[in-house]
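I opened this notebook to record what I looked up in one protein model. The entries follow the order in which I took up each topic.

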Amino acid sequence: MRHSYIILSVICILSVVYLVSQPIQSRVGKEMKLESSAFKNSQTIPTEYTAEGENVSPQLSWNGHPNKTHSFVIFVEDPDAPSAKNPAPKAYVHWVVFNIPHTVHKLDKAAAIHALGGKEGKNGTGNNGYFGPKPPSNSGPHRYFFHVFALDKMLELPTGATKDEVQNAMKHHILAQGELIGTYETK
């Protein structure tokens, strides 16, 4: 009997050591691959996808989501914006997209989100939809984080929801996530 307790104790200790040694990402959710044909990770976003150009969203595609996925969420934000340096730092929101159906794994350039069955929320300008990079002059290059999340449900939110509202609604429903970073500096 005592031998069984020792074996069980060793198994518990090894399980804890294994969990602690795993990256947080693998404990929180599966890693997805997010990419764009417009730019590679950590590379410059072409001007056409910025507010200095055509101001249209770039092509995005993702894979690696779990089978139980019901919808996808996409956020695009700039943590280098002046608003992110205020006493209560908050990245500038360039795009909020939610309720993309689980069957959609790609957004074309200038994607019509509503036609795909998804919804767009408010960006940092207070409007719905995509607002491309446009950092202040002489502020150097800014980083733009494109995030995709696979959720186990559709969100019960209206078009025009804020990023904070979407984040609150998706708590405890994230199955996987992915990230793509682009950079841009005002010309």
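The entries below concern strands, backbone angles, a pocket, charged pairs and aromatic rings.

**Entry 1. Strand β6 and its partners**

I note at the outset that the model is predicted. I began with strand β6, residues 92-101, and asked how many of its residues are buried. I found that 9 of the 10 are buried, so the strand is largely enclosed by the rest of the structure.

I then looked up the pairing of β6. Strand β5 (residues 71-78) runs antiparallel to β6, and 7 bridges connect the two. Within this pairing I located D78, which stands opposite Y92 of β6. Strand β8, residues 119-120, is also joined to β6 in the antiparallel sense, through 2 bridges. Here I recorded V97 opposite E120 of β8.

**Entry 2. A sheet of three strands**

I next examined an open sheet of 3 strands, whose order is β2-β4-β7 and whose pairing is antiparallel. Which strands form its edges? They are β2 (33-35) and β7, each of which pairs on one side only. I counted 3 bridges between β2 and β4, which run antiparallel. In that pairing, K33 stands opposite N63 of β4.

**Entry 3. Positive phi angles**

I turned to the backbone with a general expectation in mind: most residues other than glycine have a negative phi. I noted two residues that depart from this pattern. N55 is not a glycine, yet its phi is positive, at about 55°. I placed N55 in the loop between β3 (43-44) and β4 (60-63). N138 likewise is not a glycine and has a positive phi, of about 60°. This residue sits in the loop between β8 and β9 (142-151).

Are these two residues buried or exposed? N55 has a relative accessibility of 27% and therefore counts as partly exposed. N138 reaches 82%, so it counts as exposed.

**Entry 4. The largest pocket**

I looked up the volume of the largest pocket and recorded about 250 Å³. Its lining consists of 12 residues, and those closest to the centre are K90, A91, V93, K163 and D164. Which elements give two or more residues to this lining? They are β6 and α4 (163-170). By class, I recorded 3 nonpolar, 4 polar and 5 charged residues in the lining.

**Entry 5. Salt bridges**

I asked how many salt bridges the structure holds, and the count is 7.

The first one I examined joins the side chains of K109 and E48, with N to O at 2.6 Å. Its partners come from distant parts of the chain, 61 residues apart: K109 lies in the loop between β7 (106-107) and α3 (113-116), and E48 in the loop between β3 and β4. K109 has a relative accessible area of 36% and so is partly exposed. E48, at 28%, is partly exposed because its value falls between the cut-offs of 20% and 50%.

I then took the salt bridge of K163 with E77, in which the closest N and O atoms are 2.6 Å apart. This pair also links distant parts of the chain, with K163 in helix α4 and E77 in strand β5, 86 residues apart. Both K163 and E77 are buried. I noted that K163 is also among the residues closest to the centre of the largest pocket.

The third salt bridge I looked up is that of D108 with K106, whose closest N and O atoms are 3.8 Å apart. D108 is partly exposed, with a relative accessible area of 47%. K106 also counts as partly exposed, at 46%. I recorded, moreover, that E48, E54 and K109 are joined into one network by salt bridges that share partners.

**Entry 6. Aromatic pairs**

I closed with the aromatic rings, for which the count comes to 4 pairs. I examined the pair of F39 and F146, which is tilted, with 5.5 Å centre to centre and 50° between the planes. Where do the two residues lie? F39 is in the loop between β2 and β3, whereas F146 is in strand β9, and the two are 107 residues apart. F39, at 5% relative accessibility, counts as buried. F146 is buried as well, with a relative accessible area of 1%.

Conventions
Residues numbered from 1 in each chain as written. Predicted model: local features only at pLDDT ≥ 70, side-chain atom pairs only at ≥ 80, totals over all residues. Heavy atoms only, no water. Buried < 20%, exposed > 50% of the residue type's maximum accessible area, 1.4 Å probe, protein only. Helix = DSSP H or I, 4+ residues; strand = E, 2+ residues; numbered from the N terminus. Pairing = 2+ DSSP bridges. 1 Å grid on protein atoms, 1.4 Å probe; cavity = no way out; pocket = protein on both sides within 12 Å on 5 of 7 lines; lining within 4 Å. Points joined across faces, edges and corners; volume = space filled by probe spheres on them. Nonpolar A, V, L, I, M, F, W, Y, C, P; charged D, E, K, R; others polar. Salt bridge = Lys/Arg side-chain N within 4 Å of Asp/Glu carboxyl O. Phe/Tyr/Trp six-rings, centres within 6.5 Å; stacked < 30°, edge-to-face > 60°.
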